[in-house]
Amino acid sequence: MKINQVVTSIDISTGGPARSVTHLIDNLCESFRDQHIVLDTLQSNKPIINDFNLPNAKVRFNKSIRLGYSKDLKINLNQSDPDLFHGQGIWQMPVHQMAKMARKKGVPYVITPRGMLEPWSLEQSKLKKKIALFLFQHKDLKKATCLHATAESEAESIRNLGYKNPIAIIPNGINLDEFPGYKKLKKEKKKILFLSRIHPKKGIELLFDAWEQLTKNQKNNWVVEIIGNGDKSYINQLKELLKAKGLAKEIIIKDPVFGQDKVKAYQSADLFVLPTYSENFGIVIAEALACNVPVITTKGTPWEDLEKENCGKWIAIGLEPLRLSLIEMMNKSDEELILMGVNGRKLIEKKYSMLSVAKQMERLYNWIVNKEVSKPNFVKLD
């Protein structure tokens, strides 16, 4: 089976999508050698990979002209002869070019919106998105053979917008080999970690406000690390805000880390916090759990499993729920936090391993291309 995937960028600065897309393709082509996948993407300064180390997977970089449009991509898509196209993300020219070419060729295509149809996301740059919906995005989505959501909540958001396509609910996955077991060392100071893209939607200022409201005794022996990349002016605003609040010694903002340095950052943490307004999945949550770190995150994410499996707190968006959950988790003993971390690792192994996700995606591709194959149970028709 030949698959042509398209994503606007796999630059290291794009965070979760670059990792999840490349990891998925790597596992698909490693596990299913009859899959042949070409990943088309735009050229960037620091791609997460330059190519796959597999004979049946290839990255193809395309020059862009303006607004993300690429003549190279148009030529490559036209010359390709896949059984299926799969676009990652919306509002972007490369995935639109893919959808348009798929319809021209009469080839089925899948679109993964990646949380970009969530209510919070739709409110950002609202006018531009209304124009894009009118010009091309609505048609691209409506005509897709299948839409891919990473959680039930995202599928509901898609249905609420009136799209009646089949929706495959397949989570993002984690390469567990990248997160080996380790022994948690006792430290004089415990650490709360935020590791993600530094962006207003991530709720970092909520974390600052919640931390400011904790008493000295409640914060005793705890520090907070904020690690990530983002707009420099916004990061500088956050640093100035910390100074104004007198928190610059308690909350430290650090440059992004990658590879083994990122794994060590997770392993050094006792608690992971992502007080986000909206995520379709939240790959950093899964990575923290894979490193045996309990998590606090919001109901802007689909992580109700945190409560079900006793590996964290899944809270309402807002200052007070965050403040109370911080107090609760910071009051737990070392043994309690370690047990929650063990539970989190078990959850990832059971439900979110990359191999499990790759198997589901392979079943989805087979169902679409080989129509006699029975519908997978994770595909919702209404």
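## Helix α11 and the residue after it

Immediately after helix α11, residue N292 adopts a positive phi of about 65°. Helices here are DSSP runs of H or I with at least four residues, and strands are DSSP runs of E with at least two, both numbered from the N terminus. The model is a predicted one, in which local features need pLDDT of at least 70 and side-chain atom pairs count only at pLDDT 80 or more, while totals for chains, interfaces and linings use all residues. Residues are numbered from 1 along each chain as its sequence is written, and side-chain values rest on heavy atoms, with hydrogens and water left out.

Helix α11 itself spans residues 283-290 and is mostly covered, since eight of its eight residues are buried (under 20% relative accessible area with a 1.4 Å probe and protein chains only, where exposed is over 50% and partly exposed lies in between). The buried residues of α11 are I283, V284, I285, A286, E287, A288, L289 and A290.

## The six-stranded sheet

An open sheet is built from six strands in the order β10-β9-β8-β11-β12-β13, with parallel pairing (two strands pair if DSSP finds at least two bridges between them). At its edges stand β10 (251-254) and β13 (312-315), each of which has a single partner strand, so one side of each is left without a neighbour in the sheet. From one strand to the next, the twist averages 20°, where angles run from 0 to 180 degrees between N-to-C directions and axes are lines fitted to C-alpha atoms, for helices over the stretch in contact.

Within this sheet, strand β8 (residues 190-195) and strand β9 (residues 222-227) are paired in the parallel sense over six bridges, and L193 has E225 in β9 as its bridge partner. Helix α11 lies across β8, β11 (271-274) and β12 (295-298), running at about 175° to β11. Helix α13 (residues 319-330) also packs on the sheet, where it touches β8, β9, β11, β12 and β13, and its direction makes about 170° with that of β13.

## V224 in strand β9

V224, which lies in strand β9, is buried, with a relative accessible area of 1%. Apart from its neighbours within four places in sequence, V224 is in contact with I192, L207, W211, E250, I251 and I252, contact being heavy atoms within 4.5 Å. The C-alpha atoms of V224 and A269 are separated by 9.3 Å, although these two residues are 45 residues apart along the chain.

## Two helix pairs

The axes of helix α2 (residues 71-79) and helix α3 (residues 93-105) come within 10 Å and cross at roughly 30°, and the two helices are therefore roughly parallel to each other (angles under 35 degrees count as such, over 145 as roughly antiparallel, 65 to 115 as roughly perpendicular and the rest as oblique). In this pair, L73, K74, L77 and N78 of α2 meet P94, Q97, M98, M101, K104 and K105 of α3. The residues of this contact divide into five nonpolar, two polar and three charged, with Ala, Val, Leu, Ile, Met, Phe, Trp, Tyr, Cys and Pro counted as nonpolar, Asp, Glu, Lys and Arg as charged, and the others, Gly among them, as polar.

Helix α7 (residues 204-213) and helix α9 (residues 232-245) pack at an angle of about 10°, with their axes 11 Å apart, and are therefore roughly parallel to each other. Their contact is made by I204, E205, F208, D209 and E212 of α7 together with Y234, L238, L241, L242 and K245 of α9.
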